[in-house]
Amino acid sequence: MKETVLKRFGEVFGDTDGVKVFFAPGRVNLIGEHTDYNGGHVFPCALTIGTYAAARVREDDKLRFYSMNFDHLGVIESDIRDLKPQKEAGWTNYPKGVMWAFGERGFQIPAGMDILLNGNIPNGSGLSSSASVEVVTGAILREFFGFEVSNQDLALIGQYSENNFNGVNCGIMDQFAIAMGKKDHAIFLDTADLSYTYAPVKLQGAKIVIACSNKKRGLGDSKYNERRSECETALAELQKEVDIRSLGELTEEQFEEHKSAIRDITRVKRAKHAVYENQRTLQAVAALEENNIELFGQLMNASHVSLRDDYEVTGAELDTLVEEAWKVEGVIGSRMTGAGFGGCTVSIVRDEAIDQFIEKVGKAYKSRIGYAADFYVVEVGDGPSVL
Ligand code: GLA
């Protein structure tokens, strides 16, 4: 891949003088969904697929961007002294947002750049291609300008840019999973204080399989923000009775005791998901540590049911993929992953059942939904690097 991006860089920008090549992964969340903005726990891992970038510093203030995933858009230009989100700037709003966010932190970028990207995360799959672009941009700026920022800072700067430059109110999970990724490990992160540990992903004769629904995201972002505010309102109602800072501080029992403080049935369901999903995540990590992969799978299944019935972020496409997966022998667990409303599912499937899984689920999906899903057997990889 390094050669591919270097060659294309030369074709697009004339030569490869002063160019360095970078990589940042995509991510998949194993369990702990819609908990990261509720002060709960998440358990994602970085993947070996991600975003490759070739970059160099210019002598003027110009920014020139090119993505091999959007060849038809050609070179998109901008200026380092004039960083603002623009609709027509398309995907370049992500790297521009990160450059802006560095400036907000007091790291002034002294010159323009030429940046070419090539991602092998399937388009629109919900495996966090945008967070991957943010983290790779941070890694580029750190390398060329010597900014003293840790990988965790890259995650926070990425999230800050997404929230404040690109207007998506996401939590910290995606950028953190990508910036802090570790080969063959998942990250057990407490989003209340950003404390974390790495847990080995030992699947004993099984693999992580991602099924991409290929459903267009549509209203995804506005529904995401709506779920966030439903949880915030439910928290404010609970705070009249209990002294908590987030839904993640409640056990199931405490929630049941105080849930009548929430004055709306829909908000009760949303908060219930946030509380129970957080507890499920704690149990799932303990199960994995004890090599109880079956229990881990059951908790993944319960997570999906809760996201379907209480949080209501699944839809026919994700439900079909998961419910068909549950029918296949050798599937240890299966659930939607990421924001929902499209995107993909994550399943843990025994090695000998993978072919059958892809065939059966793929067939059922096509006949029910009308178009095909894509399947990827993935590996857990490291965070960002200079290649
Ligand atoms: C998206 C957001 C994350 C997280 C998930 C749901 O991926 O970017 O911060 O909230 O949805 O768990």
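Two strands count as paired if DSSP finds at least two bridges between them. In this predicted model, an open sheet of three strands is formed on that basis, with the order S2-S7-S8 and antiparallel pairing. Strand S2 (41-42) and strand S8 (195-200) stand at the edges of this sheet, and each has a single partner strand, so one side of each is left without a neighbour in the sheet. The antiparallel pairing of S2 with strand S7 (residues 185-190) extends over two bridges. His41 is placed opposite Asp190 of S7.

A further open sheet consists of six strands with mixed pairing, in the order S5-S4-S6-S3-S1-S13. Its edges are formed by strand S5 (76-79) and strand S13 (385-386); each of these has a single partner strand, so one side of each lacks a neighbour in the sheet. Within this sheet, strand S1 (residues 20-29) and strand S3 (residues 44-57) run antiparallel to each other and are joined over nine bridges. Lys20 has Ala55 in S3 as its bridge partner.

Helices also pack on these strands. Helix H3 (residues 129-145) packs on the sheet and touches S1, S3, S6 and S13. The direction of H3 makes about 145° with that of S1. Helix H1 (residues 2-13) lies across S1, S3, strand S4 (62-67) and strand S6 (113-119). With respect to S6, H1 runs at about 135°.

One residue of helix H1 is Val12. Leaving aside residues up to four places away in sequence, Val12 touches Tyr66, Val75 and Leu116. Val12 and Glu148 are 136 residues apart along the chain, and their C-alpha atoms are separated by 31 Å.

A contact between two helices was also examined. The axes of helix H10 (residues 316-327) and helix H11 (residues 354-369) come within 9 Å and cross at roughly 145°. The crossing of H10 past H11 is right-handed. On the H10 side, the residues that meet H11 are Ala316, Glu317, Thr320, Leu321, Glu324 and Ala325. Their counterparts in H11 are Phe357, Val361, Ala364, Tyr365, Arg368 and Ile369. Sorted by class, this contact of H10 with H11 has eight nonpolar residues, one polar residue and three charged residues.

The model also contains a ligand, which is surrounded by Arg27, Glu33, His34, Asp36, Tyr37, Cys170, Gly171, Met173, Asp174, Tyr224, Gly338 and Ala339. Among these residues, His34 has a polar backbone atom 2.7 Å from an oxygen atom of the ligand. For Gly171, a backbone N or O atom lies 2.9 Å from an oxygen atom of the ligand. In the case of Asp174, a polar side-chain atom lies 2.6 Å from an oxygen atom of the ligand. The ligand contacts described here thus involve backbone atoms of His34 and Gly171, and a side-chain atom of Asp174.

Definitions and conventions
Residues are numbered from 1 along each chain as its sequence is written. This is a predicted model: local features need pLDDT of at least 70, side-chain atom pairs count only at pLDDT 80 or more; totals for chains, interfaces and linings use all residues. Side-chain values use heavy atoms; hydrogens and water are left out. Axes are lines fitted to C-alpha atoms, for helices over the stretch in contact, and angles run from 0 to 180 degrees between N-to-C directions. Helices (H or I, at least four residues) and strands (E, at least two) are DSSP runs, numbered from the N terminus. A crossing is left-handed if the near helix is turned anticlockwise from the far one by less than a right angle, and right-handed if clockwise. Contact means heavy atoms within 4.5 Å. Ala, Val, Leu, Ile, Met, Phe, Trp, Tyr, Cys and Pro count as nonpolar, Asp, Glu, Lys and Arg as charged, and the others, Gly among them, as polar. A residue is near a molecule or strand if one of its heavy atoms lies within 4 Å of it. A polar contact is a pair of N or O atoms within 3.5 Å; within protein, one must be able to donate a hydrogen and the other to accept it, and residues adjacent in sequence count only if both atoms are side-chain atoms.
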